[in-house]
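Subject: Structure for you to look at

Hello,

Here is the structure I promised to pass on, with my notes underneath. Please open it alongside this email and follow along as you read.

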Amino acid sequence: MIIKVEAIVREDKFEDVKDALAQIEVNGLTVSQVMGCGKSKGYTEIVRGSEVEISLLPKIKFEIVVSSEEWERKTIEAIKKAACTGNVGDGKIFSYDLRTVTRIRTSESGYDALN
Ligand SMILES: Nc1ncnc2c1ncn2[C@@H]1O[C@H](COP(=O)(O)OP(=O)(O)OP(=O)(O)O)[C@@H](O)[C@H]1O
Ligand SMILES: [Mg+2]
């Protein structure tokens, strides 16, 4: 099973989440700066120490593709532990089945392209 785990976390949790993923030795990852809001949109959130009332807030998105449900669980656990403060706006983790992966250099696809 090839699974994509996508996590949206607080900006200031970037280092912690990156380190947690390095600890479990993921085979690759993509990080982007994104803007988003959850169900609490319209309410205020504390960003870098100040209260912000805009509905879209800067977040960090991690994308990790893994080759089993066991790795999916490990990845989600690591992110959850590193990104949780217990306050609103901690983020969300989405995971879903991915059709295939192709390594451009070798033309390998599927599991071979991941490992
Ligand atoms: N349903 C969703 N679809 C797409 N992105 C989402 C969704 N919910 C949350 N996100 C993304 O996750 C980020 C953080 O969401 P957030 O933690 O505020 O979710 P929440 O459901 O409001 O939970 P909480 O009550 O803990 O704030 C959002 O800024 C957005 O980028
Ligand atoms: Mg929210």
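Below is what I found, starting with the fold and moving on to salt bridges and a pocket.

Please keep in mind throughout that this is a predicted model.

**The chain as a whole**

The chain contains three helices and six strands. If you walk along the sequence, their order reads β-α-β-β-β-β-α-β-α. The C-alpha trace extends over about 50 × 25 × 20 Å along its principal axes. There are 115 residues in the chain, and 34% of them count as buried. Its accessible surface amounts to about 7,700 Å², with 49% of that belonging to carbon and sulfur atoms.

Contacts across the sequence are worth a look too. Taking contacts between residues at least 6 apart in sequence, 74% join residues at least 24 apart. For one pair to display, try Lys80 and Val9: they are 71 residues apart along the chain, and 9.3 Å separates their C-alpha atoms. Lys80 sits in helix H2 and counts as partly exposed, because its relative accessibility is 45% and the buried class ends at 20% while the exposed class begins over 50%.

**Salt bridges**

Side chains of opposite charge can pair when their charged atoms come close. In this model I have eight salt bridges to show you, and three of them are described here.

Glu63 pairs with Lys4, and 2.6 Å separates their closest N and O atoms. This bridge links distant parts of the chain, since Glu63 belongs to strand E5 and Lys4 to strand E1 (residues 3-10), 59 residues apart. Both Glu63 and Lys4 are buried. The pair also has company: Lys61 is linked with Lys4 and Glu63 in a network of salt bridges.

Strand E1 also supplies Arg10, which lies 80 residues from Asp90 in sequence; Asp90 is in the loop between helix H2 (69-83) and strand E6 (91-97), so the pair ties these parts together. Their side chains meet in a salt bridge at 2.8 Å, N to O. Here again, Asp90 and Arg10 are both buried.

Arg103 and Glu108 form another salt bridge, where the closest N and O atoms are 3.0 Å apart. Are these two residues buried or exposed? Neither label applies: Arg103 is partly exposed because its relative accessible area is 24%, and Glu108 is partly exposed because its value is 29%, both figures lying between the 20% and 50% limits.

**The second largest pocket**

Rolling a probe the size of a water molecule over the atoms shows where empty space is left. The second largest pocket has a volume of about 160 Å³. Which residues line this pocket? They are Lys4, Asn27, Gly28, Leu29, Thr30, Glu63, Ile64, Val65 and Leu114. By type, the lining divides into four nonpolar, three polar and two charged residues. Strand E5 (residues 57-66) gives the most to this lining, with three residues.

You will recognise Lys4 and Glu63 in that list; they are the partners in the 2.6 Å salt bridge described above. If you display the pocket, it makes sense to show that bridge, and the network that includes Lys61, in the same view.

I hope this gives you a good start, and I would be glad to hear what you think.

Best wishes

Note on methods
Residues are numbered from 1 along each chain as its sequence is written. Chains are lettered from A and ligands numbered from 1 in the order in which they are written. This is a predicted model: local features need pLDDT of at least 70, side-chain atom pairs count only at pLDDT 80 or more; totals for chains, interfaces and linings use all residues. Side-chain values use heavy atoms; hydrogens and water are left out. On a 1 Å grid over the protein atoms alone, a cavity is a set of points where a 1.4 Å probe fits but cannot get out, and a pocket is an open set with protein on both sides within 12 Å along at least five of seven lines; lining residues have an atom within 4 Å of a point. Grid points are joined across faces, edges and corners, and a volume is the space filled by probe spheres set on the points. Helices (H or I, at least four residues) and strands (E, at least two) are DSSP runs, numbered from the N terminus. Ala, Val, Leu, Ile, Met, Phe, Trp, Tyr, Cys and Pro count as nonpolar, Asp, Glu, Lys and Arg as charged, and the others, Gly among them, as polar. A salt bridge is a side-chain nitrogen of Lys or Arg within 4 Å of a carboxyl oxygen of Asp or Glu. Buried means under 20% relative accessible area, exposed over 50%, partly exposed in between (1.4 Å probe, protein chains only). Contact means heavy atoms within 4.5 Å. Accessible areas come from the Shrake-Rupley method with a 1.4 Å probe; for residues, only the protein chains shown count as cover.
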